[in-house]
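Please read these points with the model open beside you. They are comments on strand pairing.

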Amino acid sequence: MWHGHGGADGERAPRRADAPRSAAPPRAQSGPRPLYVGTYTSVDGGGTGIALTSYDPVTGRISGSGTLTGIPDPSYLAVHPDGRTLYAVDERDDGGVTAVRLADRRILGTRNTGGAGPCHLSVHPSGRWLLSANYGSGSVAVHPIDATGALGERTDLVTHSSPAPGPGQQGPHAHQFITAPDGGHVLAVDLGTDTVYTYRLDEAEGTLKDVAQAHTRPGAGPRHLTFHPGGRYAYLANEVDDTAVVCSYDPPSGRLTIGAPQSTGSAGTITNYPAQFQVTANGRYAFLANRGDNSLTRYAVEAGGARLRLLGTVPVDGDFPRQIALSPDGTLLFAANQHSGTVTVFHVDSSAGELTPAGEPFASPVAVCALPL
């Protein structure tokens, strides 16, 4: 059970010109919109499955409507670009990934990830491949997605065997697996080896080819990488040494260059584990979730993405914000607070980078992932 770590990522890479067109969620939102909340089902006080809730896109108010059971430890969630299929990790020793058809909430089946404790997954922008990261085994997996949204047999599995684990780590711990905005490269963040791995995904075969490695300073414990909309820079949350880093990215080669560590804005009075960045669609502001400090850091993005300037922090009004996500229209930010069992919502002013609480926190047992559609 890897509930001290486990990743989260709400970003979606832009569609490539040669990728199939898909129905995007409507932007002119008037009625309630779906919000799915992941949990741990095997811990004391945990949930019983994926919480099925909805939110008001204007007020941010969340309303509960039930639970989708039958998926063990669905600690991280992602949706297909066409909006029809939900994917969940089964964060267990014998890890799996599960597909759910949203129209009737039918489970379409589960496939083994080939590793322990899968904590993150994402859908390639083509909609044809599911990428997942096994925290316990330090490996990343690829599964094909068929026309119905269901998953096929795994097409690749790569274990991070080099470099050696960082200080205090017993082995590799893959924490995130995402597609770069160029669409041609996929990147895996490994907390255990202090490395971000770049692979080229063969979009016909679903296989991975090593391209490059980028190393943080020893003991940083990189957890989560989020790209700036411009596609040339990305922001890395380092969980173990409580730092944030601006990385530059070269799309043709897939090479990531990791910059100097900087402050997360945490007060320093309690151990803080930064979890995840989100960047506004206009590329002007970035937000970082801090577990321990229990805050959201606000940064101004400067120099076209090359610089983060610390603006300050906002209390998250919850305990241990493990994951944050922006609504599709960018006007709301959701924080899943693991220890308080709540989801808090903020209004986002993307022109000034302000975050304003939107009502009372919504109670959801061991909330570790909030996915607004």
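The points below take up two sheets in turn.

1. The model is predicted, so local features need pLDDT of at least 70 and side-chain atom pairs count only at pLDDT 80 or more, while totals for chains, interfaces and linings use all residues. Residues are numbered from 1 along each chain as its sequence is written, and side-chain values use heavy atoms, with hydrogens and water left out.

2. Strands 3, 2, 1 and 29 make up an open sheet in the order 3-2-1-29, paired antiparallel. A strand here is a DSSP run of E with at least two residues, numbered from the N terminus, and two strands pair if DSSP finds at least two bridges between them. Strand 3 (62–68) and strand 29 (369–372) are the edges; each has a single partner strand, so one side of each lacks a neighbour in the sheet. Neighbouring strands of this sheet are turned by 25° against each other on average, direction ignored; the axes are lines fitted to C-alpha atoms, and angles run from 0 to 180 degrees between N-to-C directions.

3. Within that sheet, six bridges join strand 2 (residues 50–55) to strand 3 in the antiparallel sense. S54 lies opposite S63 of strand 3.

4. Another open sheet has four strands in the order 8-9-10-11, again with antiparallel pairing. At its edges are strand 8 (118–123) and strand 11 (156–159), each with a single partner strand, so one side of each is without a neighbour in the sheet. From one strand to the next, the twist averages 15°.

5. Strand 9 (residues 129–134) pairs with strand 10 (residues 139–144) over six antiparallel bridges. Which residue of strand 10 does S132 stand opposite? That residue is A141.
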